[in-house]
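Grab a coffee and work through these exercises with the model open beside you. Try each task before reading its solution.

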Amino acid sequence: MFALVVAGRVLGSVPGAAEPASGPHAFIRRILEPHFPQSGGSDVVVVFAHIAGAVALMLALPGSRRACRVFASRPLVYLGRISFSLYLVHLPLLHWLGVG
C-alpha cells in the first residue's frame, strides 16, 4: 500500500513539459517519452503520469484505515453532500464576482 501511495505522489507531481525536471521526475519522463513519440515532449507524457499517479492513489486508499477515517469525517461527508450544488453554482458565482 505504501509503495502505491509513494508512486502516486511522485507520478502526480511530475512538472509540465515546459518546466525542468530533475531526480525521479526526469527519470519518469525518460521512461515515458519513448512510448509517446507523437507528443514531441509535450504535456501528453505529463498528463499520462498524473493519471497513473491518480490511479495508484485510488488503488492504495481503499485498503487504508486512516484514509477511511479521514473520508468518513463530518467535514468531508458534508462537503460530499454539497459538492454537486457547489459545482453547479461556482461558475455563475465567479462570473458575478468578476473573476471568471
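**Exercise 1. The nonpolar patch**

Which helix supplies the largest share of the nonpolar patch, and how many residues is that?

Solution. Keep in mind that this is a predicted model.

- Step 1: list the members. The surface patch is formed by Leu61, Val70, Phe71, Leu76, Leu79, Phe84, Leu86, Tyr87, Leu88 and Val89, and together they have about 960 Å² of accessible area.
- Step 2: find the helices involved. At least two patch residues come from helix 4 (65-71), and at least two from helix 5 (74-97).
- Step 3: pick the main supplier. Helix 5 has the largest share, with seven residues.

**Exercise 2. One patch member up close**

Take Val89 and work out where it sits and whether it is buried, partly exposed or exposed.

Solution.

- Step 1: place the residue. Val89 belongs to helix 5.
- Step 2: check the accessibility. Val89 has a relative accessible area of 45%. Exposed would take over 50%, and buried would be under 20%.
- Step 3: conclude. Val89 is partly exposed because its 45% falls in between.

**Exercise 3. The inner face of helix 2**

Find the buried residues of helix 2 (24-32) and say how they are arranged around the axis.

Solution.

- Step 1: pick out the buried positions. They are His25, Ala26, Ile28, Arg29 and Leu32.
- Step 2: look down the axis. The buried residues of helix 2 fall within an arc of 160°, so they line one face of the helix.
- Step 3: see what that set packs against. The partners are helix 1 (2-12) and helix 3 (43-60).

**Exercise 4. The largest nonpolar core**

Name the residues of the largest nonpolar core and the helix that gives the most to it.

Solution.

- Step 1: collect the residues. This core has eight in all: Leu11, Val14, Ile28, Leu32, Phe36, Val45, Val46 and Ala49.
- Step 2: sort by element. Helix 2 and helix 3 are the elements that give two or more residues to the core.
- Step 3: name the top contributor. Helix 3 gives the most, three residues.
- Step 4: zoom in on Val46. Setting aside residues up to four places away in sequence, Val46 touches Val14, Pro15, Gly16, Ala17 and Arg29.

**Exercise 5. Far in sequence**

How many residues apart in sequence are Pro62 and Met1, and what is their C-alpha separation?

Solution.

- Step 1: locate both. Met1 is in the segment before helix 1, while Pro62 is in the loop between helix 3 and helix 4.
- Step 2: read off the two numbers. They are 61 residues apart along the chain, yet their C-alpha atoms are 9.7 Å apart.
- Step 3: check exposure. Met1 is exposed at 58% relative accessibility, and Pro62 is exposed at 59%.
- Step 4: list the contacts. Beyond its neighbours within four places in sequence, Met1 is in contact with Leu59, Ala60 and Gly63.

Terms used:
Residues are numbered from 1 along each chain as its sequence is written. This is a predicted model: local features need pLDDT of at least 70, side-chain atom pairs count only at pLDDT 80 or more; totals for chains, interfaces and linings use all residues. Side-chain values use heavy atoms; hydrogens and water are left out. Buried means under 20% relative accessible area, exposed over 50%, partly exposed in between (1.4 Å probe, protein chains only). Helices (H or I, at least four residues) and strands (E, at least two) are DSSP runs, numbered from the N terminus. The arc is that of the directions from the helix axis to the C-beta atoms. Contact means heavy atoms within 4.5 Å. Patches are made of residues with over 30% relative accessible area and no salt bridge: like charges are joined within 9 Å, nonpolar side chains (Val, Leu, Ile, Met, Phe, Trp, Tyr) within 5 Å. Accessible areas come from the Shrake-Rupley method with a 1.4 Å probe; for residues, only the protein chains shown count as cover. A salt bridge is a side-chain nitrogen of Lys or Arg within 4 Å of a carboxyl oxygen of Asp or Glu. A nonpolar core is a set of buried Ala, Val, Leu, Ile, Met, Phe, Trp, Tyr and Cys residues joined through side-chain atoms within 4.5 Å.
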